[in-house]
Amino acid sequence: MQLSQDFIISFVILSLLFFVAMILWFLLAPRLGFKDLIKRFVLWDILCGLKITGIEFFKRKKTVQFPEEFTPKSARFRGLLALRRYPNGEERCIACKLCEAVCPALAIKIESEVRSDETRRTTRFDIDAFKCIHCGLCEQACPVDSIVLTDESNYTLDRKTQIMDKETLLAIGDYCEDKIASNRAEDDDYR
Amino acid sequence: MKKENIDIEIDGIKLSAKPGEMLIQVADREGIYIPRFCYHKKLKIAANCRMCLVEVENSPKTLPACATPVTPGMKAFTKSKATVKSQQAVMEFLLVNHPLDCPICDQGGECELQDVAVSHGADRSRFDSEKRVVSDEDLGSLVGTEMTRCIHCTRCIRFCEDIGGQKQLGAFGRGGDMNIGTYLERGLQGELSGNVIDLCPVGALTSKPFKYTGRSWEFQQHLSVSPHDCVGSNMYFHSFADSSDNGSKIMRVLPRENEDINEIWISDRDRFSYAGLNSTDRAHSPMLKQNGKWKNVSWQTALNYVADSLKAIMDAKKTDQIGALISANSSCEELFLFQKLIRAIGSNNIDHRVTVNDFTDEGSFTTFPAMVKPIATFANSKLIILIGSNAREEQPLLFHKIRQAVQNGSSLFVINSYDYDFACSLSGKKIISSSEMLEFLVSVNHMLATNLSVGDISSQYAQDPEILDLVAKLKAANGSVEIIAGEQLESHIDAAKIRSWLYQLKVTLGGNLHHLTKGANAAGAWLTGAVSHRSEFMMPASKKGLNALEMLQEKLPVYFMHGQEAEYDFVDPNLAIDALKDADLVISSTSFVSDSMLDYADVILPTAAFSEFSGSFINCEGKLQRFNAAVMPPGEAKPAWKVYKVIANLLGIEELNYSHCSEITSILESSLANVSHDGFWDLIEPSYSDKSEISRIGHWPSVRADATVRRSEPLQKTLDENIACARINPKYAVELNIIDGAKVALQQGDVQAKYICLHDDKVAYGNIYLSTGLDGNNNLGNAYGKITVVGVES
């Protein structure tokens, strides 16, 4: 009982304040046309907004259920780094060190030697994934299409795995080869 | 009559040129760039690459700038339409057969063809036929080939012929079938052969040890000086600029231009010795031998042990029982501090002359054994006499100057005990047994001067055609005689007497007497007082100490060695090893540890090898040259000058209190100003040894000369496969009943060993030639001592 009495008192005070505010507003606000006045009283703008909501409510949904679903990617997506092999299994890299030279982040470290079959090969091919800025200049510089940026973007690296060595990079290349090849075929006309 | 200069115009710039100069020479001097492949300022002009075609006014076609002499009023245009068109056409032809393997080519990044193709070539290729492929040449263990890349500029051919002195490479076939190759299938030989790598404008000739290990753009360049011979060639060390784990490694060595010394060349030994620096024999941490077992210890322990041992000797007042032997390849600063330390301890037994047999005339040198005249002026001398020297192998860049002199028309006369191949035309030679060399010189002197009080013309030589030839030449030379006493004479048993008679020859004729020494810094060692009879800066020592040979003969209880390997570096390795094994304490501060060292040494202090410390060398003409440290020493190794400073501190000696070794360099530099390097000898009465005895001729092959080169694999592969055999003159062999290829037992002192004996008519009659410093013979005795044949197996 006590509560409802308080409620009624506060409602009356608030209503009075509202009326005072309305009167002040009518007196002080710039003059509006009749149409605008009606729009304001029927909350027209809010209805317009709700119209979009209503349309979207019945449209086809765009949310992707990651990780069960993936968004589509460009063939040129620059993701995880990899080293490729030739179809016969031979590594492509010839240790020309052009990627090392062009890398703006100095993320690549290569050491080379003469392999037993007299070819020029790397003994060390390390990429610091934390330094890499995925600019793709290494891919552009490579004369044998060995170093590539795959479209793989879902990976984590930590302080223990940030240096990707030659074995890792080649393994990534082997794992992604089909995708790399198809992406490159798709983009071939523009290279 | 002096010809007047000609006025010409290149690209509208008015220039003045000397008559007979080529257009490209004028352009180069004025800094106007004309592309070129075959032209090289140090080689003869060939004009076969056609890259330097330029338009010249009033000429119907463009002309090769390298073979067009300037004419008065000539107007050349290096950037005109016609010039650019010809250059693009030539470039297109050159690229027709050049493979597109720049990514794997070692020349990539420093390739003249690459640069010129970008700057003067067309922007696309019109060639779609097959490119030719050329099979590779085997040029030995130093120069690698990829002949498909060759553009036939013939620089290498001209280099071998004019600079190297041997016609080894040639062009075979014509037109599209032209190939560069060797005339004989024995690889590229010669002491300067590595320079073709620098000369080759493309990647056809590359360095084999460097193959595929680095690219030109990733190196940091460090100034340095050759640490292998007394000429002091200027060179660059290249190490990776990135200082990760491989940062402290020398990747290659290139020449540094110095017109006064090495021009633009360096010897193969200087170029490829870096391979030895990364040897597994490097000393990484201080080691102590305790109860016959080696233990790695900390620097503190090792240095305290050394200081305590030395202190005990000082307290017992037995400091004259310390023998100090330092390598002549050490820097001036190391030598200076080492001798100061030893002298402060109280011993004068300090020496670097471990290859010397005769010390009696050590007082005759005013400063040090030196070239009295700058090396650069040798090309103008009239008559050069080379005695006891294989300068071509031992001081290649000095011999290059001598060869130039010969090409300019001067005469070269050689007096040796082995007929070395000098690859240049000798005007005369006398191949004479080492024991008769003195007699020969005495006779020459008497034939030239009649008023000599000692000695006489030997009846044997009175009518000898070679001596008459030499005497005639000496008389004709009219005072302009350069007598060069070589490295091998330094080790001769009678070196002092021979030098005194050579000096007499110089006095009679005028001219100069020069001395060559083994090691890079023997001059520095003399100057800093690392000799037994003199203290620093030619001051007499407080008391004359024992020289290197006496130290070993006396069998001292304590030896302090720096940078020496007893079994290879000493003239009498057997004597050295015996003395060191009998000693109570052998302290060896060294960069390389050998098995034998582990046997005789008690303390091993690992010191930085050359390229890992800064300092200076004084070359044979008395020129002080500084060099910088290029890389860090491996493991715990430290620069030797720091080690000596700490030992001195531990002993409470204050004389070594220099804050940095460069302070010493400045003192040395000022002491060298206005010093004459002449020496003075009194004639010594000749006494001839018994001719029935056989003398050994056993010099160090150039690639066995010091610890670093001995560990350089590519250089070791250049050694003759028969190097370990004894050699004997066939006539003499008949007398001794030795057939070619027989196994003979040779004896020196009380050591005996068996060798295959080859007949070789290059050896003087009366000598046995058996190299020192090899793995096989290091246990035989004195390299220039008596040797006896004790048995022959057929």
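Begin by selecting the two chains of this predicted model where they meet: 13 residues of chain A are in contact with 10 residues of chain B. On the chain A side, two elements give two or more residues to this surface, namely α4 (98-102) and β2 (108-114) of chain A. Of these, β2(A) gives the most, with five residues. If you colour the chain A side by residue class, you will find seven nonpolar, one polar and five charged residues.

Next, select residues 155-163 of chain B, which form helix α4 of that chain, a mostly covered helix in which seven of the nine residues are buried. The residues to highlight as buried are B:Arg155, B:Cys156, B:Ile157, B:Arg158, B:Phe159, B:Cys160 and B:Ile163. To see what covers them, add to the selection elements of chain B that include β7 (169-172), β8 (179-182), α5 (195-199), β9 (205-207) and α10 (396-407). Following α4(B) you will come to B:Gly165, whose phi is positive, near 85°.

Finally, select helices α11 (residues 437-448) and α12 (residues 465-477) of chain B, whose axes come within 10 Å and cross at roughly 50°. With an angle that is neither under 35 degrees nor in the range 65 to 115, α11(B) and α12(B) are therefore oblique to each other, and α11(B) passes α12(B) in a right-handed crossing. Show side chains for B:Phe440, B:Ser443, B:Val444, B:Met447 and B:Leu448 of α11(B), together with B:Ile467, B:Leu470, B:Val471 and B:Leu474 of α12(B), as these residues make the contact. By class, this contact between α11(B) and α12(B) has eight nonpolar residues, one polar residue and no charged residues.

Conventions. Residues are numbered from 1 along each chain as its sequence is written. Chains are lettered from A and ligands numbered from 1 in the order in which they are written. This is a predicted model: local features need pLDDT of at least 70, side-chain atom pairs count only at pLDDT 80 or more; totals for chains, interfaces and linings use all residues. Two residues are in contact if their C-beta atoms, placed from the backbone, lie within 7 Å. Helices (H or I, at least four residues) and strands (E, at least two) are DSSP runs, numbered from the N terminus. Ala, Val, Leu, Ile, Met, Phe, Trp, Tyr, Cys and Pro count as nonpolar, Asp, Glu, Lys and Arg as charged, and the others, Gly among them, as polar. A residue is buried if 20 or more other C-beta atoms lie within 10 Å of its own, exposed if 12 or fewer, and partly exposed in between; C-beta atoms are placed from the backbone. Axes are lines fitted to C-alpha atoms, for helices over the stretch in contact, and angles run from 0 to 180 degrees between N-to-C directions. Angles under 35 degrees count as roughly parallel, over 145 as roughly antiparallel, 65 to 115 as roughly perpendicular and the rest as oblique. A crossing is left-handed if the near helix is turned anticlockwise from the far one by less than a right angle, and right-handed if clockwise.
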